[in-house]
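Here are my notes on the model, in numbered points. Have the viewer open while you read.

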Amino acid sequence: MTALPGETPGTVGTDTPQDTVSPPEAGAEGPEHAEAPDASDAPDASGTPDPSDVPDAPDASEGGESSDTPADADDDAKGDAEDAEAEAGADAAPAAAAPAAELSEAQAELAAQRELRERIEKRKAEKAAPIAAGTGLSGTAADLLAAVRAVESGEKSGTAFFDRPAAPPASRRPAPAAAQPTRTPAPEAAPTARTATPEALDAVRAVLTEGGAPEALARPAVGALGEQAAELLRTDPWRLLTVPGVRPEQADGFARALLGADCGPDDGRRTAALVGWLLERAALQGHTALDADAVRTALAERAVGDPDAAVRDAVEEGVALVFQEGDEPSADDAGAADSDGEAGDADVAREPVQVLLGLDRYALAEESLADGLARLVNACEKAADWAEAAASAPSPSAAELIRTAAAAGLVAHSGGEAARAEPAALIAAARGLGLRALGATHSEDGRRRLAAATGDPDTAVTLSGLLSGAQGPGRDEDGALALDLLVVLDAPQLDVEGAAVLVEALADGARLVLSGDPGVLGSAGAGRVFADVLASHACPQVVSRTPDPGPIGELVSGIGIGELNQVDAPGKEVVIVPVRDAGEAVHRTVQLVADSVPRAFGIPAEETQVITVGHGGAAGTRALNEALKQRLNPGPGRFGGFDPGDRVVHVPAPGRAVPGVVLSADAEGLRLDCGGVPVVVPQERVESSVRHGWALSAHQAAGMRWPAAVVVLPGDAAQGLSRPWVYTAFGRGERHLSVVHGVDQALPHAVAQVPAQERTTRLRPLLEALPTSDAAS
């Protein structure tokens with residue numbers, strides 16, 4: 001890749017040592033960056049990132065491995081540009097199709113998000129007058145702001161900006177009692193990229209060339225900034241930072257080439273772009289907001305002379321929103337302090353106010369989600385009598401969950417793998433009472449396991465399939481999901497935007513149960529919805545007392561409380577394979593998958609999943625996938641690097657990793673079988689959204705299980721280990737777990753002393769501030 005101005009060739013995607021927001025240590029799981037297939041990976045080794053640890057290496061989700069070579073860094077930077085194009089395509093409106101054709105899953109989900117944002121903006125507009133600022137916005141955000149202002153002024157109707165009819169109001173009547181027929185799931189189609197006009201691309205290429213930037217950034221720049229990208233880049237070169245993978249020093253060099261002497265470190269355009277860039281990077285790490293002091297510190301280290309003024313200007317320009325968390329003394333309090341002397345001073349002394357900065361999309365999603373959860377809590381009919389159903393429950397924990405769900409509109413249920421039988425029992429009980437009950441899972445594998453537990457395939461869907469309408473009962477005439485009870489399994493994988501869309505789609509009076517294992521890695525997207533709901537005590541909570549069985553269950557349960565115990569495994573359910581270096585780790589991994597596990601347990605190689613800490617390095621997913629392909633399915637890679645029979649992971653949208661197998665390729669694209677669902681990935685999307693999948697990261701594997709799992713821990717992975725990572729990885733095997741162990745004492749240290757790091761979010765205080773009639777204590 002051609003070096004950008006101001007950078008040394010071969011260092012794309014790396015950071016300077018003095019960065020406040022520095023890359024993680026070797027092997028650490030990083031955010032979902034540009035390599036789309038890795039976009040669902042954990043933001044960091046613990047799944048909950050530190051604001052000061054936002055890696056710059058543009059590896060999709062678990063990257064950031066410092067062991068990457070310069071060539072790897074260049075490849076990752078190229079992936080960033082490609083992913084920008086892919087993400088732009090995900091936001092584009094669906095292409096024209098035959099009248100009878102249904103929207104693809106990803107397109108329908110994105111359309112629902114657009115409707116949600118319109119409703120949120122309308123509700124916020126009722127509380128306060130429109131903000132006149134916002135000139136710093138661009139692309140989709142600028143279009144949304146213009147649309148809201150047009151609606152507020154009466155110039156246009158709310159439906160004029162959307163392809164679908166106006167969404168129903170937030171408060172609506174309960175869904176009708178009549179059951180809706182279940183839709184037949186349609187084959188999934190990968191989203192197509194937004195089509196950029198040749199004129200727009202040529203104009204952007206000309207500006208990029210003039211500024212010394214690679215022409216390869218033209219298409220992602222148009223995707224990020226729209227058709228007016230060339231004009232925007234010429235007037236404000238720092239908008240190049242909106243393109244994934246572009247670093248501030250690269251944007252500075254681009255700006256110097258275009259502006260010359262008019263370019264300075266305190267240029268308002270530069271400081272506003274830096275604030276937005278910092279918040280976007282934090283979102284990739286799971287934060288929905290950042291402490292204002294951390295932003296100021298990062299700005300100062302980027303040579304901004306007056307960080308306070310830069311933050312104020314960014315807020316005035318609409319680049320960021322500002323929030324205050326905590327109690328702030330009012331004017332009346334201050335007056336009382338003046339009149340009462342020392343006693344007044346003592347009364348006024350309170351917990352310091354924390355000032356947060358956030359992007360509007362996450363702020364609106366958190367506020368909408370909090371309001372929606374409160375609506376479910378308060379609107380549910382509490383007089384339901386499910387005593388008979390509870391009495392016939394298969395376990396005491398299942399009976400408790402049934403009784404709790406009967407009396408609450410929102411319930412949080414936590415437990416391990418064995419505890420998934422309890423939501424299944426609840427769904428079966430509710431359907432036995434004539435209610436429209438359904439379970440939604442994070443993955444197709446989870447859907448199959450839930451369907452097996454309930455004994456009815458119609459009771460289980462994937463969450464993405466439910467929201468898109470490809471699965472489930474569809475919508476009622478008010479636009480709400482035709483459900484009385486929805487159980488969301490794998491709830492820790494819910495990000496705040498997805499959760500907001502889901503809750504908004506539930507009718508008044510519907511019940512929602514969030515079920516999951518708090519010990520696993522968090523969501524790939526921003527937010528920590530399940531953890532915030534648990535911490536806020538906004539609803540009744542049911543903690544399962546059902547232990548995970550067998551040696552693997554015993555091992556994982558101990559890890560959850562910080563203990564790495566030696567377990568008795570007479571059937572070799574758990575095997576430790578010591579290795580000296582990364583090369584030996586790769587060799588032993590291939591040997592286990594291809595020979596040892598099939599011979600000893602009768603588990604074929606295609607049912608064994610390899611899990612490792614990061615994507616780069618000598619024993620990361622890239623190296624392991626290359627070695628496993630050579631052994632298990634050698635071939636020339638004639639279909640864009642893939643051959644029929646290759647195991648792959650497909651990412652149709654950021655945060656979703658779907659395992660599959662390559663079937664063939666033709667003029668339409670690469671044809672995959674993803675858990676029995678045929679998928680066609682267009683040719684232009686293959687490189688950015690499909691990777692080999694014999695080896696995955698722990699976060700890509702979250703929400704799924706295999707008969708056997710091989711967890712690879714090379715020596716350079718020590719810094720990427722944490723208790724949630726180990727807990728998640730070790731729990732993916734049902735019958736057998738092999739641990740290729742090369743980290744010595746770093747493994748027990750991580751389990752005992754490296755817990756999940758906190759994400760900065762606003763959902764918990766928002767939930768705590770809402771009046772609810774039955775919040776749990």
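Which residues in α9 meet which residues in α10?

1. Let's take that one straight away, with the reminder that this is a predicted model. On the α9 side you'll find Val295, Arg296, Leu299 and Ala300, and they meet Pro307, Asp308, Ala310 and Val311 of α10. The helices themselves span residues 292-301 (α9) and 307-316 (α10), and their axes come within 9 Å, crossing at roughly 115°. The crossing of α9 past α10 is right-handed. As a reminder for reading such a helix face, an α-helix has 3.6 residues a turn, so residues three or four places apart point the same way.

2. Now the overall picture. The protein chain has 777 residues, and 56% of them are buried. Its secondary structure comes to 28 helices and 20 strands. If you take the contacts between residues at least 6 apart in sequence, 75% of them join residues at least 24 apart.

3. On to the nonpolar cores. The largest one holds 89 residues, with Leu486 and Leu512 making the most contacts inside it. Helix α8 (residues 268-284) gives this core its largest share, nine residues. There is another core apart from it, with 35 residues, including Leu555, Val651, Ala657 and Val743.

4. Leu512 is worth clicking on. Once neighbours within four places in sequence are set aside, Leu512 is in contact with Leu373, Leu376, Gly409, Leu410, Val411, Leu486, Val488, Val503 and Leu506. Leu486, then, turns up both in this contact list and as one of the two residues with the most contacts inside the largest core.

5. Is helix α26 enclosed or open? Seven of the eight residues in this helix (residues 723-730) are buried, so α26 is largely enclosed by the rest of the structure. The buried ones are Pro724, Trp725, Val726, Tyr727, Thr728, Ala729 and Phe730. They pack against helices α21 (550-560), α25 (698-701) and α27 (746-753), and also against strands β12 (608-612), β19 (706-713) and β20 (733-741).

6. Ala702 sits in the loop between α25 and β19. Is Ala702 buried or exposed? With a relative accessible area of 2%, which is under the 20% cut-off, Ala702 is buried. Beyond its sequence neighbours within four places, Ala702 is in contact with His442, Gln493 and Thr728, and Thr728 is one of the buried residues of α26. Leu521 is 181 residues away from Ala702 in sequence, yet their C-alpha atoms are 7.4 Å apart.

7. Leu217 is another loop residue, placed between α4 (198-210) and α5 (218-225). Its relative accessibility is 2%, so Leu217 counts as buried. Gly245 is 28 residues from Leu217 along the chain, with 9.9 Å between the C-alpha atoms.

8. For a strand example, try Thr462 in β7 (residues 460-462). Thr462 has a relative accessible area of 7%, so it is buried too. Not counting residues up to four places away in sequence, Thr462 touches Thr441, Ser443, Glu444, Arg447 and Gln471.

9. Last, the rings. How many aromatic pairs does a search of the whole structure find? Zero. Charges over rings do turn up, though: Arg762 lies over the face of Phe323, 3.7 Å from the ring centre. Arg638 lies over the face of Phe639, at 5.0 Å from the ring centre.

Note on methods
Residues are numbered from 1 along each chain as its sequence is written. This is a predicted model: local features need pLDDT of at least 70, side-chain atom pairs count only at pLDDT 80 or more; totals for chains, interfaces and linings use all residues. Side-chain values use heavy atoms; hydrogens and water are left out. Rings of Phe, Tyr and Trp (its six-membered ring) pair if their centres lie within 6.5 Å; planes under 30 degrees apart count as stacked, over 60 as edge-to-face and the rest as tilted. A charge sits over a ring if NZ of Lys or CZ of Arg is within 6 Å of the ring centre and within 35 degrees of the ring normal. A nonpolar core is a set of buried Ala, Val, Leu, Ile, Met, Phe, Trp, Tyr and Cys residues joined through side-chain atoms within 4.5 Å. Buried means under 20% relative accessible area, exposed over 50%, partly exposed in between (1.4 Å probe, protein chains only). Helices (H or I, at least four residues) and strands (E, at least two) are DSSP runs, numbered from the N terminus. Contact means heavy atoms within 4.5 Å. Axes are lines fitted to C-alpha atoms, for helices over the stretch in contact, and angles run from 0 to 180 degrees between N-to-C directions. A crossing is left-handed if the near helix is turned anticlockwise from the far one by less than a right angle, and right-handed if clockwise.
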